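User: I would like to learn how to read a structure like this one, feature by feature. Could you take me through it slowly, giving the idea before the case?

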Amino acid sequence: MNLYGLLASRFPAEGEAPCLILPDGRRLSYAELESQSARYGALLAEAGLAPGDRVAAQVEKSAEALFLYLGCLRAGCVFLPLNPAYTRSEVAFFLDDARPGLFVCAPERLEEAQELAWASRLPLVHDLGARGEGSLAAAAVQMPETFATVERADGDLASIVYTSGTTGRSKGAMLTHRNLAANGLVLHKYWGFRPGDVLLHMLPTFHVHGLFVATHCALLNGSPMLFEPKFDASRALRLMQEATVFMGVPTYYVRLLQEKGLTREAVAHMRLFISGSAPLLPETFSAFRERTGQTLLERYGMTEGGMFTSNPLEGERRGGTVGFPLPGTDVRVVGDDDAPLPAGEIGHIQVRGDNVFAGYWQMPEKTREEFTPDGFFRTGDMGRFDSEGYLAIIGRDKDLIISGGLNVYPKEIEEAIDALPGVAESAVIGLPHPDFGEAVTAVVVRGREGAGLTGEGIVAALKGRMAGFKVPKAVHFVDDLPRNAMGKVQKNLLRQRFSG
Ligand code: MLC
Ligand code: AMP
């Protein structure tokens, strides 16, 4: 079934029920969500986009951006969200790889978008601003308020979300209508969504966490969302007076804890705080409980399949763990031979289920490598089940840094640094950071012409070439990189040397 059809089947009978409550005071009802998403669906169809065609959107979070996502589902198109922080060259790669039938950009980047579209021979560009301005919304207004949602089979694609690749190039994770529906239904039930819930939505909508996990739960519940453009700790505290559920990455909780106003009284209206996308430090878990009397519910997931495990709503939410496999998801911890390990032993985490993605866009080889013969996806995370079935994430066997909930693949940054004049070689590592959890850190060896090279110079050279969250927060210089007998850089030694 079309995922939109499933969501709409849960919308409140009372069409005037609020769906989006925006910072400027606008309140958009579920009836408006239906009519607006119809307009966007009709616009895509009229523009000649067929089911299966991709729609790339690099836009700020807004009600209109959500209409576009839902309109895309309704027209059977495949939604491809892109972080607004991505630079021209990063976007060029995604457009070239996914070949969307429509690229929606921010108004201030329209000229750049048109150049990119021309270079990649894309047929259509529109712009959409944070306040709903731009040619896309202007065209949608002209469209009818009703649109027959296109039928889709379970295995048809609903979205492609790019995740960085270990080779430095991103891979597009193909998510089907079934993947998203299955995960949405399970989370809605597991986290006990109920009448009266109000979701405080401060996550970005270019990723799985904000776009699917948070939004689908609210829509399946017919609940209002306080739909905020970005996370702001003091504003979050104010809005929690009206909300019941909040979802965030650990950085949000670290920042909330810095607010003097975070007290039991301030969060008395809230019933549930969920954390994920990066490791939650035990001290954050404990401090939050001490200050608020509320226990964070930590869950674990990935772009390639939404959520895999969760701490329980009822029963003990155990700090330092990500809880139990969700209903419908098989989760196993295996050795190097893919054979399951007993509880207590550390191994590779693998997952299987209706939520697990259909593969990487146009990468059949890579897709095959990442699945076992019996259909489990290799997450690249290392973990251990305890005797009661709680899973703890122990580390990663992929070279990945997670900074403020955003993934950075060191290889991509190393390639960019190595290409700078005066650099012989580099290694990029993640070091503990009080706000972002991990901070991207570069360790650089100067080359023959590198006497004048400085950390500031390297940072300045990288800015503008890559999204800001990938740019190293610190640069250290060394004479040589430590290597093992195989010639591989020993990043653990660098982490030991430079942390603290
Ligand atoms: C922004 N900056 C970051 C950063 N975000 N640096 C490191 N890590 C980050 N995550 C940099 C900018 O480049 C800029 O640098 C400066 O910080 C200020 O930018 P900003 O946009 O004003 O920052 P801020 O609003 O404070 O954003 C930080 C943040 C945000 C943590 C609130 O990144 C965020 O909302 N992260 C959540 C991401 C997320 O949704 N992840 C889920 C992925 S899904 P300069 O130098 O230019 O000033 C997933 C699956 C799952 O992982 O399990 O959920
Ligand atoms: P992404 O590719 O952005 O979806 O990031 C997915 C990765 O985030 C996972 O493979 C994990 O490494 C990490 N992750 C998500 N949730 C958690 C969590 N609760 N604890 C530790 N790591 C997590």
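User: How do the residues of the shell around ligand 1 divide into nonpolar, polar and charged?

Analyst: In this model, which is predicted, the shell around ligand 1 holds 9 nonpolar, 9 polar and 5 charged residues. The shell has 23 residues, and those that come nearest to the ligand are Y252, R255, S277, R299 and S403.

User: Which atoms lie 2.6 Å from a nitrogen atom of ligand 1, and what else should I look for there?

Analyst: One looks for pairs of N or O atoms within 3.5 Å, since such a pair counts as a polar contact. Here a polar atom in the side chain of S403 is found 2.6 Å from a nitrogen of ligand 1, and the side chain of K473 brings an N or O atom to 2.8 Å from a ligand nitrogen. The backbone takes part too, for a polar backbone atom of G405 is 2.9 Å from a nitrogen atom of ligand 1. Taken alone, ligand 1 has 1000 Å² of accessible area, and the protein covers 73% of that area. Two elements give two or more residues to this shell, namely α10 (250-257) and β13 (297-302).

User: Which residues are the closest to ligand 2, and how much of its accessible area does the protein cover?

Analyst: The reading goes in the same steps, starting with the neighbours and ending with the cover. Ligand 2 is surrounded by 15 residues, the closest being R299, T303, D381, K398 and N407, and these 15 residues comprise 6 nonpolar, 4 polar and 5 charged ones. Strand β13 gives the most to this shell, with 5 residues. Among the polar contacts, an N or O atom in the side chain of N407 is 2.7 Å from an oxygen atom of ligand 2, while the side chain of E298 places an N or O atom 2.9 Å from a nitrogen of the ligand. From the backbone, an N or O atom of S277 lies 3.1 Å from a nitrogen atom of ligand 2. The protein covers 94% of the 500 Å² of accessible area that ligand 2 has on its own.

User: How many salt bridges does a search of the whole structure find, and how should I read one of them?

Analyst: The search finds 28 salt bridges, and in reading one it helps to give the two partners, the distance between N and O, and then the exposure of the residues. In one case D96 and R99 meet through their side chains, with 3.7 Å from N to O. Their exposure is read from relative accessibility, where values between 20% and 50% count as partly exposed. D96 is therefore partly exposed, because its value is 45%, and R99 is partly exposed as well, because its value is 38%. Another pair is E112 and R109, whose side chains meet at 2.9 Å from N to O.

User: Where in the chain do D338 and R378 sit?

Analyst: D338 and R378 form a salt bridge whose closest N and O atoms are 2.8 Å apart. This pair links distant parts of the chain, for D338 is in the loop between β16 (329-334) and β17 (347-353), whereas R378 is in strand β18 (residues 377-385), and the two are 40 residues apart. R378 counts as partly exposed, because its relative accessibility is 26%. Salt bridges can also join into a network, as they do for E316, R318, D386 and E388.

User: What is the order of the strands in the open sheet of 9 strands?

Analyst: Strands of a sheet pair through backbone hydrogen bonds, and the pairing is either parallel or antiparallel. In this open sheet the order is β2-β1-β10-β9-β11-β12-β13-β14-β15, and the pairing is mixed. At the edges stand β2 (27-29) and β15 (324-325), each of which pairs on one side only. A parallel pair is formed by β1 (residues 18-21) and β10 (residues 225-227), joined over 2 bridges, with L20 opposite M225 in β10.

User: What sense of pairing joins β17 to β16 and to β18?

Analyst: Strands β16 and β17 run antiparallel and are joined by 6 bridges, in which V333 has I349 of β17 as its bridge partner. Strands β17 and β18 also pair in the antiparallel sense, over 4 bridges, and there V351 has F377 of β18 as its partner. As for exposure, β17 is mostly covered, with 5 of its 7 residues buried.

Terms used:
Residues are numbered from 1 along each chain as its sequence is written. Chains are lettered from A and ligands numbered from 1 in the order in which they are written. This is a predicted model: local features need pLDDT of at least 70, side-chain atom pairs count only at pLDDT 80 or more; totals for chains, interfaces and linings use all residues. Side-chain values use heavy atoms; hydrogens and water are left out. A residue is near a molecule or strand if one of its heavy atoms lies within 4 Å of it. A polar contact is a pair of N or O atoms within 3.5 Å; within protein, one must be able to donate a hydrogen and the other to accept it, and residues adjacent in sequence count only if both atoms are side-chain atoms. Accessible areas come from the Shrake-Rupley method with a 1.4 Å probe; for residues, only the protein chains shown count as cover. Ala, Val, Leu, Ile, Met, Phe, Trp, Tyr, Cys and Pro count as nonpolar, Asp, Glu, Lys and Arg as charged, and the others, Gly among them, as polar. A salt bridge is a side-chain nitrogen of Lys or Arg within 4 Å of a carboxyl oxygen of Asp or Glu. Buried means under 20% relative accessible area, exposed over 50%, partly exposed in between (1.4 Å probe, protein chains only). Two strands pair if DSSP finds at least two bridges between them.
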